[in-house]
Amino acid sequence: MKLTTRVTSMLNVKYPIIQAGMAGSTTPELVATVSNAGGLGTIGAGYFSSDRLEQEITYVQELTDLPYAVNLFVPSDKLYVPEQVEHMNAWLKPYRRAFNIEEPVINITEKQQFEDAIELIIEKGVPAVSFTFGIPEQTVIEKLKARHIKLIGTATSVEEAIAIESAGMDVVVAQGSEAGGHRGAFSETASQLTPLVGTMSLVPQIADQINIPVVAAGGIMDGRGLVASMVLGAEGVQMGTAFLTSDESGASQLYKNAISQSKETDTVVTNVFTGKPARGIDNEFIHKMNEYDDNIPDYPIQNQLTNALRKEAAKTGNAQWTHLWSGQSPRLIQHLSAWTLIENIVKQANEILNG
Ligand SMILES: Cc1cc2nc3c(=O)[nH]c(=O)nc-3n(C[C@H](O)[C@H](O)[C@H](O)COP(=O)(O)O)c2cc1C
């Protein structure tokens, strides 16, 4: 078995290692370091305005000549239900008061932001785009493909992977339930809080059903995880938590400390922070919200309703009231440069492969 695969040739990278585009936590330095080390760095652009995205792409282009990607959230068509928002606002009121936070004005600009990002990606000649939360419209896919931009979709079930392949994308990330952060699920069944299909089950079942290459994600932290994924039929890995705790990541010290002090049993999948299921370290916010007696508003509404509260908590060093996305392998994190992390993964994988 070799570390050169269809993924490395398609994405034009040395190693089959993708740094996940973690919205809110990537920096141009992280993205460029990963790309310069031979992997594929990814700008986590899910929450970015076009101005911010333009700045980040320009900065990454100054730091590397090698391929990188931009990660985007596919906009949802979920409806704003005023009564649901009023009810949630009433529930959050005492907590907002405690943190001295005003009630936010909900402003859903997802679709426009997504369209602007696509135009910018074309204009700036970004080599690859990865998507989560669904499949973009066919016109968008065709527009990007016409520019030879490589397209990476995220699937949490075989059904979703088949849909991504049928839409004409180039690579599927099989995101197992160990994964930190939001689940990319978009089909009716897989979008629920359960079932949660683990990486070991998901990767070979997807690999058996589609022809485009599969990249494994969820709980992978080192060379063992890379080789294991490849044995299961993956042609690369996408890693989030391992890069989140690297020197170049944008995660705060509070956040990094919470992950280093956590165990494999400390995370839960919850929709209380943003309205979409995501895996993070269990804390007081989740416990309090679990007492909420109504449906949680959908993403992006709940995300906006809780955003200022979480930001203020994080700013004041309160890890109990902010989201702490993390995968299930926190004992395997290392505090080092993303460059050394990649070097170590490749070295360990080669040692295993060459006996
Ligand atoms: C802090 C954090 C933020 C994330 N944000 C995104 C995101 O914006 N877009 C995305 O496609 N995946 C996101 N993910 C999920 C990753 O793409 C990937 O599936 C996951 O990190 C793999 O599991 P691991 O964390 O155990 O490596 C995020 C993961 C983490 C840990």
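**Figure 1. Pro300 lies in the loop that links helix H12 (284-289) to helix H13 (301-315).** The view is taken from a predicted model. Tyr299 and Pro300 are joined by a cis peptide bond, with omega at about 5°.

**Figure 2. A cis peptide bond is also present between Thr194 and Pro195.** Omega of this bond is about 0°. Pro195 has its place in the loop between S7 and H8.

**Figure 3. The ligand is surrounded by 22 residues.** The closest of these are Gly21, Asn71, Gly219, Gly240 and Thr241. By residue class, the shell around the ligand consists of 10 nonpolar and 12 polar residues, with no charged residue. At least two residues of this shell come from each of three elements: strand S3 (68-73), strand S9 (237-239) and helix H10 (241-244).

**Figure 4. Polar atoms of Gln175, Gly180 and Gly218 lie beside oxygen atoms of the ligand.** In the side chain of Gln175, an N or O atom is 3.0 Å from an oxygen atom of the ligand. A polar backbone atom of Gly180 is 3.3 Å from a ligand oxygen atom. For Gly218, a backbone N or O atom lies 3.5 Å from an oxygen atom of the ligand. On its own the ligand has 590 Å² of accessible area, of which the protein covers 98%.

**Figure 5. Strand S2 (residues 41-44) is covered on both faces.** Gly41 and Ile43 are buried on one side, and Thr42 and Gly44 are buried on the other. S2 and S3 run parallel and are joined by 4 bridges. Within this pairing, Gly41 has Tyr68 of S3 as its bridge partner, and Thr42 has Ala69 of S3. From S2 the chain passes through helix H3 (residues 50-63) to S3, in a β-α-β crossover that is right-handed.

**Figure 6. Strand S3 is mostly covered, with 6 of its 6 residues buried.** Tyr68, Val70 and Leu72 point one way from the strand, whereas Ala69, Asn71 and Phe73 point the other way. Asn71 is also one of the residues closest to the ligand. S3 runs parallel to strand S4 (residues 128-132), and 5 bridges join the two. Opposite Ala69 in S4 stands Ala128. Ala69 is, in addition, the bridge partner of Thr42 in S2.

**Figure 7. Three strands form an open sheet in the order S7-S11-S10, with antiparallel pairing.** Strand S7 (181-182) and strand S10 (267-270) each have a single partner strand and stand at the edges, so one side of each is left without a neighbour in the sheet. The antiparallel pairing of S7 with strand S11 (residues 278-281) extends over 2 bridges. His182 has Ala278 of S11 as its bridge partner.

**Figure 8. Asn100 and Val105 are found in the loop between helix H4 (82-99) and helix H5 (110-124).** Asn100 is not a glycine, yet its phi is positive, at about 60°. This residue counts as exposed because its relative accessibility is 72%, and the exposed class begins over 50%. Val105 likewise counts as exposed, with a relative accessibility of 75%. Between the C-alpha atoms of Val105 and Asp294 the distance is 21 Å, and the two residues are 189 apart in sequence.

**Figure 9. His148 occupies the loop between helix H6 (138-146) and strand S5 (150-155).** Phi of His148 is positive, near 60°, in a residue other than glycine. With 66% relative accessibility, His148 counts as exposed.

**Figure 10. Asn211 is located in the loop between helix H8 (199-209) and strand S8 (214-217).** The relative accessibility of Asn211 is 62%, and the residue therefore counts as exposed. Asn211 and Val172 are 39 residues apart in sequence, and their C-alpha atoms are 10.0 Å apart in space.

Terms used: Residues numbered from 1 in each chain as written. Predicted model: local features only at pLDDT ≥ 70, side-chain atom pairs only at ≥ 80, totals over all residues. Heavy atoms only, no water. Near = heavy atom within 4 Å. Polar contact = N/O pair within 3.5 Å; in protein donor to acceptor, adjacent residues only side chain to side chain. Areas by Shrake-Rupley, 256 points an atom, 1.4 Å probe, with all protein chains shown as cover. Nonpolar A, V, L, I, M, F, W, Y, C, P; charged D, E, K, R; others polar. Buried < 20%, exposed > 50% of the residue type's maximum accessible area, 1.4 Å probe, protein only. Pairing = 2+ DSSP bridges. Right-handed = clockwise from strand over helix to strand, strands pointing away.
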